[in-house]
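Here is a friendly walk through one protein model, written for someone who likes to look at rings, strands and backbone angles. Keep the viewer open as you read.

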Amino acid sequence: MEPVDESDLEWREYEHGESTFRRKQLAAAAGASDDLGCSLYELPPGKRSWPYHYHAGNAEALYVLAGEGLVRLDDDEYRVDAGSYVPCPASPEGAHRVVNDGDEPLRYLAVSTMQDPDVIEYPDSEKVGVFAGSPPGSREERTVHGYFRTADAVDYWDGEN
């Protein structure tokens, strides 16, 4: 494990639907253990981060470095700018999404616990993500992972198989 300079790391681009952002996984690049993650995010003007979600097993926190925008947090919206800190507990009250409604890139750090397994709920799309064998955000191989619609849930005893 050793310090890293973010300027030495390449951005990884994400573009999925209305989510468009760049990310540098700082903790992974520094060789940090899998119990605490930290990534640098950059959202272009008019773009959004991951879909509105919360983790059942991992707390997150956001710290804004530059730019301004909105954070949807537990179904309320809050203005954020440089110096804003946003806690996102591992519960429905920690549901969040970042939106850059400003004219400049919005840069922030996302710090999270990295507990395995984890379940992520996406209330707007009524989906659930399940991860085991490696925590969310890790690039390690997982033993179980997938996304499922909550409407497809079945009773454990259905079919008796």
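## Aromatic rings

Trp157 is exposed, with a relative accessible area of 55%. This value, like all the others here, comes from a predicted model. Tyr156 is exposed too, at a relative accessible area of 67%. Tyr156 and Trp157 form an edge-to-face aromatic pair, with 4.7 Å from centre to centre and 90 degrees between the planes.

How many aromatic pairs are there by the centre-distance rule? The count comes to eight aromatic pairs. Another of them joins Tyr14 and Phe21, and this pair is stacked because the ring planes are at 20 degrees, with the centres 4.8 Å apart. Tyr14 and Phe21 are both buried. Tyr14 and Phe21 also belong to one aromatic cluster, together with Tyr41, Trp50 and Tyr108.

Rings also meet charged side chains in this model. The charged end of Lys24 sits over the ring of Trp11, at 4.6 Å from the ring centre. In a second case, the charged end of Arg72 sits over the ring of Tyr52, 3.5 Å from the centre of that ring.

## The six-stranded sheet

Now to the strands. Strands of a sheet pair through backbone hydrogen bonds, either parallel or antiparallel. Here, six strands make an open sheet in the order S1-S2-S3-S10-S5-S8, and the pairing is antiparallel. Which strands stand at its edges? They are strand S1 (12-16) and strand S8 (85-88), each of which pairs on one side only. On average, neighbouring strands of this sheet are turned by 25 degrees against each other, direction ignored.

Within this sheet, strand S5 (residues 60-66) runs antiparallel to strand S10 (residues 106-113), and six bridges join the two. One place to look is Val64, whose bridge partner in S10 is Tyr108. Tyr108 is also one of the residues in the aromatic cluster described above.

## The four-stranded sheet

Another open sheet has four strands in the order S4-S11-S12-S13, again with antiparallel pairing. Strand S4 (54-55) and S13 are at the edges with a single partner strand each, so one side of each is left without a neighbour in the sheet.

The table gathers two strand pairs of this sheet with their bridges.

| Strand pair | Bridges | Opposite residues |
|---|---|---|
| S11 and S12 (residues 127-132), antiparallel | Five bridges | Asp118 and Phe131 |
| S12 and S13 (residues 144-149), antiparallel | Six bridges | Val128 and Phe148 |

A further contact between S12 and S13 has Ala132 with Val144 as its bridge partner in S13. S11 and S12 also form a hairpin with four residues between the strands, and in this hairpin Glu126 takes a positive phi near 55 degrees.

## Backbone angles in the loops

Most residues other than glycine have a negative phi, and most peptide bonds are trans. Against that background, a few spots in the loops deserve a look.

The loop between strand S6 (68-73) and strand S7 (76-81) holds Asp74, and Asp75 is found in the loop between S6 and S7 as well. Asp74 has a positive phi, near 50 degrees, and is not a glycine. Asp75 is not a glycine either, yet its phi is positive at about 70 degrees.

Are these two residues buried, partly exposed or exposed? Asp74 is partly exposed, with a relative accessible area of 37%, while Asp75 is exposed, at 55%.

Where does the chain hold a cis peptide bond next to a proline? The bond from Asp116 to Pro117 is cis, with omega near 5 degrees. Pro117 lies in the loop between S10 and strand S11 (118-122).

## Cysteines

How many disulfides does a search of the whole structure find? The search finds zero disulfides. Why is Cys38 without a bond to another cysteine? The closest cysteine sulfur to that of Cys38 belongs to Cys88 and is 14 Å away, which is too far for a bond. Seen from the other end, the sulfur of Cys88 has its closest cysteine sulfur in Cys38, and the 14 Å between them is again too far for a bond. Cys88 itself is buried, with a relative accessible area of 2%. In the sheet picture, residue 88 falls within strand S8 (85-88), an edge strand of the six-stranded sheet.

Methods:
Residues numbered from 1 in each chain as written. Predicted model: local features only at pLDDT ≥ 70, side-chain atom pairs only at ≥ 80, totals over all residues. Heavy atoms only, no water. Disulfide = S-S within 2.5 Å. Buried < 20%, exposed > 50% of the residue type's maximum accessible area, 1.4 Å probe, protein only. Pairing = 2+ DSSP bridges. Axes fitted to C-alpha atoms, helices over the stretch in contact; angles between N-to-C directions. Phe/Tyr/Trp six-rings, centres within 6.5 Å; stacked < 30°, edge-to-face > 60°. Lys NZ or Arg CZ within 6 Å of the ring centre and 35° of its normal.
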